[in-house]
Amino acid sequence: MISIIIAAGKQSRFKSDVPKALAKLDNGEVLAVHNYNMLKRLGDVYIAVSDENKVYFKEYFNDDTLICVGKPGYGSGDAVYKALGELMPNEHVIVCWGDVYITEKHLEVLSNSPKIKGITIPVREEINPYVCISKYRVLFSKYGDKMPAKGLHDLSMFIIDPFSI
């Protein structure tokens with residue numbers, strides 16, 4: 001399976017030129033490098049970057065791994081769409097936000113998620129989630145929604161069937 005790490009946004013909220021995906025972890029490893037190595041266990045991995053932030057990623061990745069999706073500011077959906085257009089995959093694709101820390105549990109859930117037509121949103125049960133997927137809507141604690149003690153939370157990743165878009 002192919003994976004795309006979406007890391008094309010601006011970091012304006014963090015007042016930094018360096019992309020969030022290149023943050024250093026406590027162990028000194030770079031987040032994007034960690035995630036790349038984890039996802040590489042499932043297949044080929046690409047990183048969608050903007051024209052502006054490509055220079056930062058070139059320090060860690062070669063050009064064959066990086067997909068330029070243009071200027072930032074058009075949203076994550078636009079970056080996903082452009083990356084898929086560049087790759088033209090013939091299999092399901094894992095899409096991951098650049099600021100997620102991928103664990104063994106993520107890989108397990110992704111590997112065991114059904115590969116259906118359309119989009120699969122893998123979830124896991126969490127205690128005291130700040131975001132919870134309910135039967136009829138998504139609850140957000142930051143918007144004042146009453147949160148359950150346990151609930152389903154997405155992994156900030158999804159699986160796309162490229163033939164259905």
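**Asp 99 and its partner**

I began with Asp 99, which at 43% relative accessibility counts as partly exposed in this predicted model, since values between 20% and 50% fall in that class. I then looked for a charged partner and found that Asp 99 forms a salt bridge with Lys 20, the closest N and O atoms being 3.3 Å apart. Asp 99 sits in the loop between β4 and α4, whereas Lys 20 belongs to the loop between β1 and α1, so the pair ties together parts that are 79 residues apart in sequence. I noted that Lys 20 is also partly exposed, its relative accessible area being 27%.

**Other salt bridges**

How many salt bridges does the structure hold? I recorded 8 in the structure, and went through some of them one by one.

In helix α3 I looked up Lys 82, which forms a salt bridge with Asp 78, with 3.0 Å between the closest N and O atoms. The two residues are 4 apart in helix α3, and so are separated by about one helical turn. As a reminder to myself, an α-helix has 3.6 residues a turn, so residues three or four places apart point the same way. Lys 82 is partly exposed at a relative accessible area of 35%, and Asp 78 is partly exposed at 23%.

In helix α4 I found that Glu 108 forms a salt bridge with Lys 105, where the closest N and O atoms are 3.8 Å apart. Here the spacing is 3 residues, which again puts Glu 108 and Lys 105 about one helical turn from each other. I read 42% relative accessibility for Glu 108, which counts as partly exposed, and 41% for Lys 105, which is partly exposed too.

I also noted a network of salt bridges that links Lys 54, Lys 58 and Asp 63.

**The sheet**

I next traced the strands, and found that 6 of them form an open sheet of mixed pairing, in the order β3-β2-β1-β4-β10-β5. At the edges stand β3 (66-68) and β5 (119-120), each of which has a single partner strand, so one side of each is left without a neighbour in the sheet. For β5 I looked up that partner: 2 bridges join β5 to β10 (residues 157-160), and the two strands run antiparallel. Within this pairing, the bridge partner of Thr 120 is Ile 159 in β10.

**Helices on the sheet**

Which strands does helix α1 touch? I found that α1 (residues 31-40) packs on the sheet and touches β1 (2-6), β2 (45-49), β4 (93-97) and β10, its direction making about 165° with that of β1. Helix α3 (residues 76-87) lies across β1, β2, β3, β4 and β10, and I noted that α3 runs at about 145° to β1.

I then asked how many residues of α1 are buried, and counted 7 of its 10, so I describe the helix as mostly covered. The buried residues in α1 are Leu 31, Ala 32, His 34, Asn 35, Tyr 36, Met 38 and Leu 39. I followed their contacts and found that the buried residues of α1 pack against β1, β2, β4 and β10, and also against α2 (54-57) and α4 (104-112).

**Confidence**

Last, I checked how far the prediction can be read: the protein averages a pLDDT of 86, and 95% of the residues score at least 70. Among the elements of the protein, α1 has the highest mean pLDDT, at 96, and β5 the lowest, at 82.

How values were computed:
Residues numbered from 1 in each chain as written. Predicted model: local features only at pLDDT ≥ 70, side-chain atom pairs only at ≥ 80, totals over all residues. Heavy atoms only, no water. Pairing = 2+ DSSP bridges. Contact = heavy atoms within 4.5 Å. Axes fitted to C-alpha atoms, helices over the stretch in contact; angles between N-to-C directions. pLDDT = per-residue confidence, 0-100. Buried < 20%, exposed > 50% of the residue type's maximum accessible area, 1.4 Å probe, protein only. Salt bridge = Lys/Arg side-chain N within 4 Å of Asp/Glu carboxyl O.
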